[in-house]
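Reader: I am in my first year and still learning how to read a protein model. Could you take me slowly through one part of this one, and then show me how that part fits into its surroundings?

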Amino acid sequence: SDHRLEYPLSPAHMDWSSHYPAFVDPDPTKTTLSGARKLTKDVEVVDIGCGFGGLMVGLAPLLPDTLMVGMEIRTSVLEYLSSRIHALRSQQQRLKAQAEPTEQQPEEELHDDDVGTTKIYPGNFENITAIRSNTMKFLPNFFGHHQLSKIFICFPDPHFKARKHKARIVSESLNTEYAYVLRPGGLLYTITDVEEYHQWVLRHFLHQPEEQLEDGTIPASSKDLFERVSDEELEADPCVRVMKYETEESKKVTRNNGKKFVAVFRRKADPEWP
Ligand code: SAM
């Protein structure tokens, strides 16, 4: 349960150094509030409920200079993913050592058996990591205001029954947190195979006609901070392809010929106060 979950007092206390050793700032005098070594850049991309990590393993070579973290509540799944990332990094190091002097291979899709690859990938998987966390509680402990450029929520647990809806990781209060950590222009990606959940997502990120009050106004909410990204834009976004075909859950849905519902929202600028 939560009392065994480790989380930093604030983002400025978070020790990322062991997660991204290749990105530790060479200046040892630069330290976090907890005294840990700082990185040369901030973590920018989060996969909420990352499961076995297919999304991050797929994204790692596409965004080799971007630090990404998967957050997962289940201990055994997190342990698997941590060792998967460790194995990928070790293998890349071995391949690089063998191939010196090296010419980087072109980007190619990763597959299930990616541990066992003979390719050198941009970024060598040094830019991804995984953390055990309950994102419903501790997201603002890890990430500061406007820190993130992308948040992914892929195939969230559907919690079908109405009395279980409060366990859904898309909700009005959580969306306020997502808006807080996401920078203006940043993107929040969602995908689900449950159409009803897709409708729920749309209802929670976009204003609905029935919200209009008698005087014609719509009450302010976190929905004011998001706008839906068009299908044309999504077609040109390689992250959408990874989300649709490379997460473990997406592969399961593909095998079962299931439908996939995608919705991506752009974080708008903060409203100006009068
Ligand atoms: N995103 C992955 C994929 O597409 O393959 C996994 C999808 S799986 C259906 C949902 C995952 O979210 C599970 O691994 C579950 O443990 C995790 N999860 C659920 N609630 C969570 C929470 N509050 N914080 C972190 N992870 C959570």
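Reader: In which strand is the place of E72?

Author: Before the details, please keep in mind that this is a predicted model. The place you ask about is in strand β2, a strand that covers residues 67-72.

Let us begin with the surroundings of this residue. E72 counts as buried because 25 C-beta neighbours lie inside 10 Å, and the cut-off for that word is 20 or more. If its neighbours within four places in sequence are left aside, E72 is in contact with G49, C50 and G51, with V77, L78 and L81, and with A130 and R132. Among these partners, L78 and L81 also appear in the list of buried residues of helix α2, while A130 and R132 are reached from E72 and belong to the stretch 128-132 that forms strand β3.

The UniProt annotation "binding site", which comes from an unreviewed entry, covers E72 together with G49, I73, N134, T135, C154, T247, E248 and E249. One of the contacts of E72, namely G49, is therefore also a position named in that record.

The residue I73 is found in the loop between β2 and α2. I73 is partly exposed, because 18 other C-beta atoms lie within 10 Å of its own, whereas E72 is buried. Leaving aside neighbours within four places in sequence, I73 is in contact with R132, S133 and N134, and N134 is another position covered by the "binding site" annotation.

Now we can step out from the residue to its strand. Strand β2 is joined to β3 by five bridges, and the two strands run parallel; within this pair, M71 stands opposite I131 in β3. Strand β3 itself is mostly covered, since four of its five residues are buried. It may help to recall that strands of a sheet pair through backbone hydrogen bonds, either parallel or antiparallel.

The pair belongs to an open sheet of seven strands, in the order β3-β2-β1-β4-β5-β7-β6, with mixed pairing. At the edges stand β3 and β6 (226-228), each with a single partner strand, so one side of each is left without a neighbour in the sheet. From one strand to the next, the twist averages 20°.

Further along the order, strand β4 (residues 148-154) and strand β5 (residues 182-192) run parallel and are joined by six bridges, and here I153 stands opposite T190 in β5. Helix α7 (residues 238-245) packs on the sheet, where it touches β4, β5 and β7, and its direction makes about 30° with that of β5.

Strand β7 (residues 261-267) also gives us a residue to set beside E72, namely F265. F265 is buried, with 26 other C-beta atoms within 10 Å, and, not counting residues up to four places away in sequence, F265 touches L188, F205, F226, E227, R228 and V229. The contact with F205 joins positions that are 60 residues apart in sequence, although their C-alpha atoms are 7.7 Å apart in space.

Let us return to the helix that E72 meets. Helix α2 (75-99) has 25 residues and reaches 36 Å from its first C-alpha to its last, close to the 36 Å expected at 1.5 Å a residue. Its buried residues are L78, L81, R84, I85, L88 and Q91, and what covers them includes α1 (54-59), β2 and β3. The strand that holds E72 is thus part of the cover over the buried residues of α2.

Two loop residues deserve a careful look at their backbone. H146, in the loop between α3 (135-142) and β4, has a phi near 60°, a positive value in a residue other than glycine. H159, found in the loop between β4 and α4 (172-181), likewise has a positive phi, of about 40°, although it is not a glycine. Each of them is partly exposed, H146 with 16 other C-beta atoms within 10 Å and H159 with 16 C-beta neighbours inside 10 Å.

Finally, consider the whole chain, which has eight helices and seven strands. Of its 274 residues, 31% count as buried, and E72 is one of the buried residues. The chain has a radius of gyration of 20 Å, which agrees with the value near 19 Å for a compact globule of 274 residues. Among contacts with a separation of 6 or more, 72% are between residues 24 or more positions apart.

Definitions and conventions:
Residues are numbered from 1 along each chain as its sequence is written. This is a predicted model: local features need pLDDT of at least 70, side-chain atom pairs count only at pLDDT 80 or more; totals for chains, interfaces and linings use all residues. A residue is buried if 20 or more other C-beta atoms lie within 10 Å of its own, exposed if 12 or fewer, and partly exposed in between; C-beta atoms are placed from the backbone. Two residues are in contact if their C-beta atoms, placed from the backbone, lie within 7 Å. The radius of gyration is taken over C-alpha atoms; the globule rule is 2.2 Å times the number of residues to the power 0.38. Two strands pair if DSSP finds at least two bridges between them. UniProt positions are given in the numbering used here, feature names are shortened, and annotations may be inferred rather than shown by experiment. Axes are lines fitted to C-alpha atoms, for helices over the stretch in contact, and angles run from 0 to 180 degrees between N-to-C directions. The expected span of a helix is 1.5 Å times one less than its number of residues.
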